Number of protein chains: 2
Amino acid sequence: MIDKYRDLQIKLTPQRLAILGFLENNRSHPSAEDIYRAVLKQFPTMSFATVYNTLEALKSKGNVQELKIDPGKKRYDPDISRHHHLICMKCKNIVDIFKDFDISLSEDLTSGFDIIGNSIEFYGICRSCGSRK
Amino acid sequence: MIDKYRDLQIKLTPQRLAILGFLENNRSHPSAEDIYRAVLKQFPTMSFATVYNTLEALKSKGNVQELKIDPGKKRYDPDISRHHHLICMKCKNIVDIFKDFDISLSEDLTSGFDIIGNSIEFYGICRSCGSRK
DNA sequence: GCAATTGACAGTAATGATTCTAACATGATA
DNA sequence: TATCATGTTAGAATCATTACTGTCAATTGC
């Protein structure tokens, strides 16, 4: 576990390992609060500051990506491979979409921007929200 | 001006007309505060509540769309035609991209969601931020 | 035309997410 | 061991947003 994250080049404290452990293989795209709540069980003194600090460290090392999908709160995705998201407009559940789309921009559309990347979000209603009415 | 917005089916008060006037042909994707500041010149008693209420009314009538691009604050786009956005990762400037991409999802990728729409964001560095270093 | 209802307004309070701060603890290094 | 950098913590501060309240103006039914 420790070996796995050694190349992150950040100090691996117990709190950070707990956060990393919670994020590992986590497909739920948790918010800072979700992470806080989960890690609180192991570390009752955990504070939000530590969660945010750790997320910031992981983000800057490119080990976690911040999702802007949910207005009002950030959500975090430990899967940094290229993929897209599908979000339920009712319950805000997010699922991953692994498919490549060709959406390159021709020079005349970039307004002089240096393009670095893109992301695609799909919106809809998930099965359980749809069947609830 | 009034005629133009009559079909909105909302009461057209002077404050609302000022907001509508500011939004008309506005390509800056303003935040609630941008709108508040702009309209404050005409209506020194304007309050944030009125800005948010009006935006909510316009949104529910489908006359404005809320952008989730900028984490920490919502931004609003009076252009409701289908288009995408390119955002500067430094200054958060947003420019419109008018181009159609074919990004439909095949049935096996939807996880049972009823798909309603999608949006594409491009990320990069705008000319002035790039030349600043 | 006149009360009653509705909707909008401004101001303010409350909330929720995030960031900041200062004190303390810990670990690595010399 | 002493020093230094970094991480943790609790709480305060901040920012965007939402909710609430009393007031007022426009609109409706009579």
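A polar contact is a pair of N or O atoms within 3.5 Å. The exercises below apply that cut-off and a few others to a predicted model.

**Exercise 1. Strand C**

Find which residues come nearest to DNA strand C, and test B:Thr13 for a polar contact with a phosphate oxygen.

*Solution.*
- Step 1. List the neighbours. There are 16 residues around DNA strand C, and A:Tyr52, A:Lys74, B:Thr13, B:Arg16 and B:Thr50 come nearest.
- Step 2. Ask which part of the strand they meet. Of the atoms of DNA strand C within 4 Å of the protein, 85% are sugar and phosphate.
- Step 3. Test B:Thr13. An N or O atom of its side chain is 2.4 Å from a phosphate oxygen of DNA strand C. The cut-off is 3.5 Å, so the pair qualifies.
- Step 4. Repeat for two others. The side chain of A:Tyr52 puts a polar atom 2.3 Å from a phosphate oxygen of this strand. For the side chain of B:Thr50, the corresponding distance is 2.7 Å.
- Step 5. Assign elements. Helix H3 (32-40) and H4 of chain A, with H2 and H4 of chain B, each give two or more residues to the surface near DNA strand C.
- Step 6. Sort by class. The surface near DNA strand C has 5 nonpolar, 6 polar and 5 charged residues.

**Exercise 2. Strand D**

Describe the protein surface near DNA strand D, and name the element that gives the most residues to it.

*Solution.*
- Step 1. List the neighbours. Of 17 residues around DNA strand D, the nearest are A:Thr13, A:Gln15, A:Thr45, B:Tyr52 and B:Lys74.
- Step 2. Split the strand atoms. Sugar or phosphate makes up 83% of the DNA strand D atoms within 4 Å of the protein, and bases make up the rest.
- Step 3. Look at the phosphate contacts. B:Tyr52 uses a side-chain N or O atom, 2.5 Å from a phosphate oxygen of DNA strand D. B:Lys74 uses a polar backbone atom, also at 2.5 Å from a phosphate oxygen. A:Thr45 likewise offers a backbone N or O atom, at 2.6 Å.
- Step 4. Assign elements. Those with two or more residues on this surface are helix H2 (14-23) and helix H4 (48-60) of chain A, and helix H3 (32-40) and helix H4 (48-60) of chain B.
- Step 5. Pick the main contributor. H4(A) gives the most, with 3 residues.
- Step 6. Sort by class. The count is 5 nonpolar, 7 polar and 5 charged.

**Exercise 3. Two copies**

Work out how chain B is related to chain A, and which residue of chain B comes closest to the rotation axis.

*Solution.*
- Step 1. Superpose. A rotation of 179° with a shift of 0.1 Å along its axis brings chain B onto chain A, at an RMSD of 0.2 Å.
- Step 2. Name the relation. This is a two-fold axis.
- Step 3. Locate the axis. B:Ile120 comes closest to it among the residues of chain B, with its C-alpha at 2.2 Å.
- Step 4. Check the interface. The copies meet through the same surface, because 100% of the interface residues of chain B are also interface residues in chain A.

**Exercise 4. Asp79 and Phe98**

Place A:Asp79 and A:Phe98 in chain A, and decide whether each is buried, partly exposed or exposed.

*Solution.*
- Step 1. Start with the domains. The domain assignment gives domain 1 (2-77) and domain 2 (84-131) in chain A. Their C-alpha centres are 23 Å apart. Contact between them involves 7 residues of domain 1 and 7 residues of domain 2.
- Step 2. Place the residues. A:Asp79 is in the loop between strand S2 (75-77) and strand S3 (84-88). A:Phe98 is in the loop between strand S4 (94-97) and strand S5 (114-125).
- Step 3. Judge A:Asp79. Its relative accessibility is 12%, so it counts as buried.
- Step 4. Judge A:Phe98. Its relative accessible area is 46%, so it is partly exposed.
- Step 5. Trace the contacts of A:Asp79. Its side chain makes a polar contact with that of A:Ser81, at 2.7 Å. Beyond four places in sequence, A:Asp79 touches A:Arg27, A:Gln65 and A:Phe98.
- Step 6. Trace the contacts of A:Phe98. Beyond four places in sequence, A:Phe98 contacts A:Asp79, A:Ser81, A:Arg82, A:His83 and B:Leu109. The C-alpha atoms of A:Phe98 and A:His84 are separated by 6.5 Å, though their positions lie 14 residues apart along the chain.

Note on methods: Residues numbered from 1 in each chain as written. Chains lettered and ligands numbered in written order. Predicted model: local features only at pLDDT ≥ 70, side-chain atom pairs only at ≥ 80, totals over all residues. Heavy atoms only, no water. Near = heavy atom within 4 Å. Polar contact = N/O pair within 3.5 Å; in protein donor to acceptor, adjacent residues only side chain to side chain. Helix = DSSP H or I, 4+ residues; strand = E, 2+ residues; numbered from the N terminus. Nonpolar A, V, L, I, M, F, W, Y, C, P; charged D, E, K, R; others polar. Least-squares fit on C-alpha atoms with pLDDT ≥ 70 in both. Contact = heavy atoms within 4.5 Å. Buried < 20%, exposed > 50% of the residue type's maximum accessible area, 1.4 Å probe, protein only. Domains from an automatic or database assignment.
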